[in-house]
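Work through the exercises below with the sequence and the 3D structure at hand. Try each task before reading its solution.

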Amino acid sequence: MALYIFLLLCLVVILIFELLVRLSVFKGIKIERGQLVEYTGSVPIFFVMSVFFVLFRGLTGSDTITYQNFYETGYFPGNIEKGYQFLSTFFSSHGLSFLTFELIIAIATLIPLFYVYSRLSFSLGTTMLFFYINCTLMYAMNVSRQILSASFFVLGVYFLQKKGKANLLVSVVAFIVACLMHQTAIIAIISLIPIYIIFLILRRGYGWTIFLGIMLIIFIIICYKTNVVYSELLKLGSSGSLSSYNGFITDPTAADQFTSEGKNLTNFIAAL
């Protein structure tokens, strides 16, 4: 009986969450006297509900149990990022429960994302739609350190595009926090260089866009017809910068995605 009541409550919460999403999207903009007017009433509620979902990420079967063990025992693997280890140790030593720690992480994860999305969107309704369909909430529920790192990375990119020393300082601090939460942020930050170069090339004319598009298609075909991507991943995993993730790279699932024996074109492009 208790299980049925629990499932019913979960269903009610999900329906309420869906309702808030629809309110945010479809009532995000309304027209009054020929002008667009923002409807912002549901956005704070949407944020609170998002924090609520992320807070109870342990119910999703994610790595939360492992993080809880780190939090309560004080034992961390040698390759875990020092930033996350410091936060976990700090709050644990001050007597805060793991659930409270998860609440703090959830808020710290979602605030930068909501801030950047709302700044870059012409309406908060559109922001909520992008937040929802981008599966950000799902990532926040399943990969605690990674999504926290990605959140501050997005914040760093946002302020990096703005002029002024203060904005540059905020950007640098956000990037440092991102790297301290998860080391893959280093790869994301380095990737900004070729992305910016490509952006400058695309600004030169439509012809360059077609050229880069053709080159990308050729690159995907070569990678699909050969095992070059997986071979490079194996090298990085065994002796390079991705050595901490060698177990994931050598996993049979990864081999199916990247090797010619088992890869599906759609899944391969998504994984690439």
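**Exercise 1.** In this predicted model, find how helix α4 and helix α5 are placed relative to each other, and which residues join them.

*Solution.*
Step 1. Locate the two helices: α4 covers residues 82-93 and α5 covers residues 98-120.
Step 2. Look at the axes. They come within 10 Å and cross at roughly 140°.
Step 3. Classify the angle. Angles over 145 degrees count as roughly antiparallel, and 65 to 115 as roughly perpendicular, with the rest, apart from those under 35, being oblique. The crossing is at roughly 140°, so α4 is oblique to α5.
Step 4. Give the hand of the crossing: α4 passes α5 in a right-handed way.
Step 5. List the residues that meet. On the α4 side they are Tyr84, Leu87, Ser88 and Phe91, and on the α5 side Phe101, Ile104 and Ile105.
Step 6. Sort these residues by type: six are nonpolar, one is polar and none is charged.

**Exercise 2.** Which residues of helix α9 and helix α10 meet, and at what angle do the two helices pack?

*Solution.*
Step 1. Helix α9 spans residues 165-181, and helix α10 spans residues 184-202.
Step 2. The two pack at about 140°, and their axes are 8 Å apart.
Step 3. α9 and α10 are therefore oblique to each other.
Step 4. From α9, the residues Phe175, Ala178 and Cys179 take part; they meet Ala185, Ile186, Ile189 and Leu192 of α10.
Step 5. Sorting this contact gives seven nonpolar residues, no polar ones and no charged ones.

**Exercise 3.** Is Leu148 buried or exposed, and which residues does Leu148 touch?

*Solution.*
Step 1. Place the residue: Leu148 lies in helix α8, residues 144-160.
Step 2. Read the relative accessible area of Leu148, which is 2%. The cut-off for buried is under 20%, so Leu148 is buried.
Step 3. Leaving out residues up to four places away in sequence, Leu148 touches Ile105, Ala108, Thr109 and Met181. One of these, Ile105, also belongs to the α5 side of the contact in Exercise 1.
Step 4. Compare with Tyr84, which is 64 residues from Leu148 along the chain: their C-alpha atoms are separated by 9.7 Å.

**Exercise 4.** How many helices and strands does the protein chain have, and what percentage of its residues count as buried?

*Solution.*
Step 1. The protein chain has 15 helices and two strands.
Step 2. Of its 272 residues, 31% count as buried.
Step 3. Turn to the surface: the accessible area is about 16900 Å², with 71% belonging to carbon and sulfur atoms.
Step 4. Among contacts with a separation of 6 or more, 62% are between residues 24 or more positions apart.

Terms used
Residues numbered from 1 in each chain as written. Predicted model: local features only at pLDDT ≥ 70, side-chain atom pairs only at ≥ 80, totals over all residues. Heavy atoms only, no water. Helix = DSSP H or I, 4+ residues; strand = E, 2+ residues; numbered from the N terminus. Buried < 20%, exposed > 50% of the residue type's maximum accessible area, 1.4 Å probe, protein only. Contact = heavy atoms within 4.5 Å. Areas by Shrake-Rupley, 256 points an atom, 1.4 Å probe, with all protein chains shown as cover. Axes fitted to C-alpha atoms, helices over the stretch in contact; angles between N-to-C directions. Left-handed = near helix turned anticlockwise from the far one by under 90°. Nonpolar A, V, L, I, M, F, W, Y, C, P; charged D, E, K, R; others polar.
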